[in-house]
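Visitor: I would like a close look at a single part of this protein. Please pick out the aromatic rings and show me how they fit into the rest.

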Amino acid sequence: MNKENQQKYDVTHDADRQRFIIECEGRKSLVEYALKDDKLVITHTFVPEPLEGRGIASCLVRAACEYAVSNGLEPIATCSYAVAWINRNLDTLSDSKNSESC
């Protein structure tokens, strides 16, 4: 997806349920995670089919990784999408305050 097609999304962190959520067009997309030792483990990514291809999953994984880094946690994943995203983008998360928001 190229940058000019990417929309801005408001990401909500539901710490009690260990998930990040984006609501768009009446539907919820989410990333679920677990905290283990000094790691934030992304376990599941879900985007409803009508919302696929808009960069929502990327935005959610970025939010989870930025949260991890800013809280001294190592972001890792068991979800295949998040594993690939982290492998491609982790070096851009060294300072979450200076990163591009979704």
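Guide: Let's start with the rings themselves. This is a predicted model, and the structure holds two aromatic pairs. One pair is made by phenylalanine 20 and tyrosine 33. Their ring centres are 5.7 Å apart, and the planes meet at 40 degrees, so the pair counts as tilted: tilted covers what is neither under 30 degrees nor over 60. Phenylalanine 20 sits in strand β2 and tyrosine 33 in strand β3, so this pair ties together parts that are 13 residues apart in sequence.

How accessible are these two rings? Phenylalanine 20 has a relative accessible area of 4%, so it is buried. Tyrosine 33 comes out at 5% and counts as buried too. The cut-off for buried is under 20%.

Now the other pair. Phenylalanine 20 also pairs with tyrosine 67. Here the centres lie 5.8 Å apart and the planes are 65 degrees apart, which makes the pair edge-to-face. Tyrosine 67 belongs to helix α1, while phenylalanine 20 is in strand β2, so the pair ties together parts that are 47 residues apart in sequence. Tyrosine 67 is partly exposed, with a relative accessible area of 27%. Put the pairs together and Phe20, Tyr33 and Tyr67 form one aromatic cluster.

Next, look at the strands that carry two of these rings. Strand β2 covers residues 19–24 and strand β3 covers residues 27–36. They run antiparallel, and six bridges join them. Follow the bridges toward the turn. Glutamate 23 stands opposite lysine 28 in β3. Cysteine 24 has arginine 27 as its bridge partner. Two residues then link the strands into a hairpin. One residue of that turn, glutamate 25, has a positive phi of about 55 degrees.

Strand β3 has a neighbour on its other side as well. Seven bridges join β3 to β4, and these two strands run antiparallel. One bridge here links glutamate 32 to histidine 44 in β4. Again there is a hairpin with two residues between the strands. Aspartate 37, in that turn, has a positive phi of about 55 degrees.

Step back to the whole sheet. It is open and has five strands, in the order β1-β2-β3-β4-β5. The pairing is mixed. At the edges are β1 (12–14) and β5 (74–77), each of which pairs on one side only. Neighbouring strands are turned by 30 degrees against each other on average, direction ignored. In general, strands of a sheet pair through backbone hydrogen bonds, either parallel or antiparallel.

Now to the helix that carries tyrosine 67. Helix α1 has 15 residues. From its first C-alpha to its last it reaches 21 Å, close to the 21 Å expected at 1.5 Å a residue. The helix is mostly covered, with eleven of its 15 residues buried. Among the buried ones are Ile56, Val61, Cys65 and Ala68. What covers the buried residues of α1? The cover includes β2, β3, β4, β5 and α2.

That leads to the nonpolar core. The largest one has 26 residues. Those with the most contacts inside it are Ile22, Leu40, Ile42, Ile56, Val61 and Cys65. Strands β2, β3 and β4 each supply at least two residues, and so do α1 and α2. The largest share, nine residues, comes from α1. In soluble globular proteins, nonpolar side chains tend to be buried together.

Take isoleucine 22 as one example from that core. Leaving out residues up to four places away in sequence, isoleucine 22 touches nine others, among them Tyr9, Val11, Lys28, Ile56, Cys59 and Leu60.

Two last details. Helix α2 (residues 80–89) lies across β4 (39–46) and β5, and runs at about 135 degrees to β5. Glycine 72 lies in the loop between α1 (56–70) and β5. Its phi is positive, near 70 degrees. Glycine 72 is exposed, with a relative accessible area of 62%. Glycine 72 and leucine 40 are 32 residues apart in sequence, and their C-alpha atoms are 9.7 Å apart in space.

Note on methods:
Residues numbered from 1 in each chain as written. Predicted model: local features only at pLDDT ≥ 70, side-chain atom pairs only at ≥ 80, totals over all residues. Heavy atoms only, no water. Pairing = 2+ DSSP bridges. Helix = DSSP H or I, 4+ residues; strand = E, 2+ residues; numbered from the N terminus. Axes fitted to C-alpha atoms, helices over the stretch in contact; angles between N-to-C directions. Contact = heavy atoms within 4.5 Å. Buried < 20%, exposed > 50% of the residue type's maximum accessible area, 1.4 Å probe, protein only. Core = buried A, V, L, I, M, F, W, Y, C linked by side-chain atoms within 4.5 Å. Phe/Tyr/Trp six-rings, centres within 6.5 Å; stacked < 30°, edge-to-face > 60°. Expected span 1.5 Å × (residues − 1).
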